[in-house]
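Here are my notes from a read through this model, as promised. Have the viewer open while you go through them.

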Amino acid sequence: MLLIGMLMMPAIMAFMRACPEIEPDLDFTDRIVDVIDEGFDAVIRTGEARDSRLMMRRAGAFSHRIVGSPDYLATHGTPSTPEELIDHACHHHKYPSTGKLERWPLTRDGVDLDLTLPVTSVASTLEPQICLAQEGFGLACLPQFAVRAQLRRGSLVSVLDDQLREVGAFHILWPASRHPSPKVSAFVSFMADNLLREPQTLPCRSSARDEGVRPERGADRK
């Protein structure tokens, strides 16, 4: 399963506990799906939709961290300014839908920095970047939720935390309708409230349990 899917699973499992009669049909993919033409009841993705046929609700923002292994930083030094990243191996994320590299959200005094960083490797998913960073191959700029466990364990260390702006947000999208399905409405409300909560704080029961929610499909990531 994609790492982004693992992020969503605690909230999805809490929703299923709240509605034990529901049998969700989940589809985890990095591909940008056509919500309506492909028959999705709702999708969760980063970024925003520009489709008048869709409704959208924000499900929370997330920040990024530039991370490397303790061994790598001990050998190559810890950058103290964004400009020092130019002397480091940098592993980048590529948007599957466009092929463009995701820019590292560097900032100084509230002003975005436009730096051309070394491109040591490129990957269309987060997992290879995490692996390369943990194994000492360089630095990667990743959503904090993706490296939360590694930072706690100490297998990754973050740098330049105060020079990164918050850029990421999840949105839930579903087909626009004057009379949305109660099932979809309940699913959207539950995920918007719980998606980015710490797993141990997710409720096992919810006011959504009486709505008969049964979204047929799941999530994609930009």
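The points below go from the overall picture to the strands, cores, salt bridges and surface.

1. First, the ground rules. This is a predicted model, so local features need pLDDT of at least 70 and side-chain atom pairs count only at pLDDT 80 or more, while totals for chains, interfaces and linings use all residues. Residues are numbered from 1 along each chain as its sequence is written, and side-chain values use heavy atoms, with hydrogens and water left out.

2. The overall picture. The protein has 5 helices and 12 strands (DSSP runs numbered from the N terminus, H or I of at least four residues for helices, E of at least two for strands). Of its 222 residues, 44% are buried (buried is under 20% relative accessible area, exposed over 50%, partly exposed in between, with a 1.4 Å probe and protein chains only). About 11,200 Å² is exposed, and carbon and sulfur atoms supply 48% of that (Shrake-Rupley areas with a 1.4 Å probe; for residues, only the protein chains shown count as cover). Take the contacts between residues at least 6 apart in sequence: 79% of them join residues at least 24 apart (contact means heavy atoms within 4.5 Å).

3. Have a look at β4. Strand β4 covers residues 64-68, and 5 of its 5 residues are buried, so the rest of the structure largely encloses it. H64, I66 and G68 point one way and R65 and V67 the other, and all are buried.

4. What does β4 pair with? One partner is β9 (residues 139-143), antiparallel to β4 and joined to it by 4 bridges (two strands pair if DSSP finds at least two bridges between them). The bridge partner of H64 in β9 is P143. Another partner is β10 (residues 157-159), again antiparallel, over 3 bridges. There, V67 stands opposite S158.

5. A word on the residue just ahead of that strand. S63 sits in the loop between β3 and β4, and at 17% relative accessibility S63 counts as buried. Leaving out residues up to four places away in sequence, S63 touches L142, P143, Q144 and E166. P143 is also the β9 partner of H64.

6. Now the cores. The largest nonpolar core has 34 residues, and I44, L142, F170, I172, M191 and L195 touch the most other members (such a core is a set of buried Ala, Val, Leu, Ile, Met, Phe, Trp, Tyr and Cys residues joined through side-chain atoms within 4.5 Å). At least two residues of this core come from each of α1 (3-18), β3, α3 (126-134), β9, β11 (168-175) and α5 (182-194). The biggest contributor is α1, with 8 residues. A second, separate core holds 16 residues, among them I66, L73, A89 and L113.

7. Salt bridges: a search of the whole structure turns up 7 (a side-chain nitrogen of Lys or Arg within 4 Å of a carboxyl oxygen of Asp or Glu). One of them joins the side chains of D34 and R53 at 3.7 Å, N to O. D34 lies in the loop between β1 (28-29) and β2 (43-46) and R53 in the loop between β2 and β3 (54-62), so the pair ties together parts 19 residues apart in sequence. D34 is partly exposed at 26% relative accessible area, and R53 is partly exposed at 34%.

8. R53 has another partner. The side chains of D37 and R53 meet in a salt bridge at 3.9 Å, N to O. D37 lies in the loop between β1 and β2, so this pair links parts that are 16 residues apart in sequence. D37 is exposed, with a relative accessible area of 60%.

9. Elsewhere, E83 forms a salt bridge with R108, the closest N and O atoms being 2.7 Å apart. E83 is in the loop between α2 (70-76) and β5 (90-93) and R108 is in β6 (residues 107-108), so the pair ties together parts 25 residues apart in sequence. Both ends are partly exposed: E83 at 34% and R108 at 30%. Back to the earlier pairs for a moment: D34, D37 and R53 are joined into one network by salt bridges that share partners.

10. Last, the surface. L101, V119 and V122 form a nonpolar patch with about 220 Å² of accessible area together (patches take residues with over 30% relative accessible area and no salt bridge, joining like charges within 9 Å and nonpolar side chains, namely Val, Leu, Ile, Met, Phe, Trp and Tyr, within 5 Å). V119 lies in the loop between β7 (111-112) and β8 (121-123), and at 48% relative accessibility V119 counts as partly exposed.
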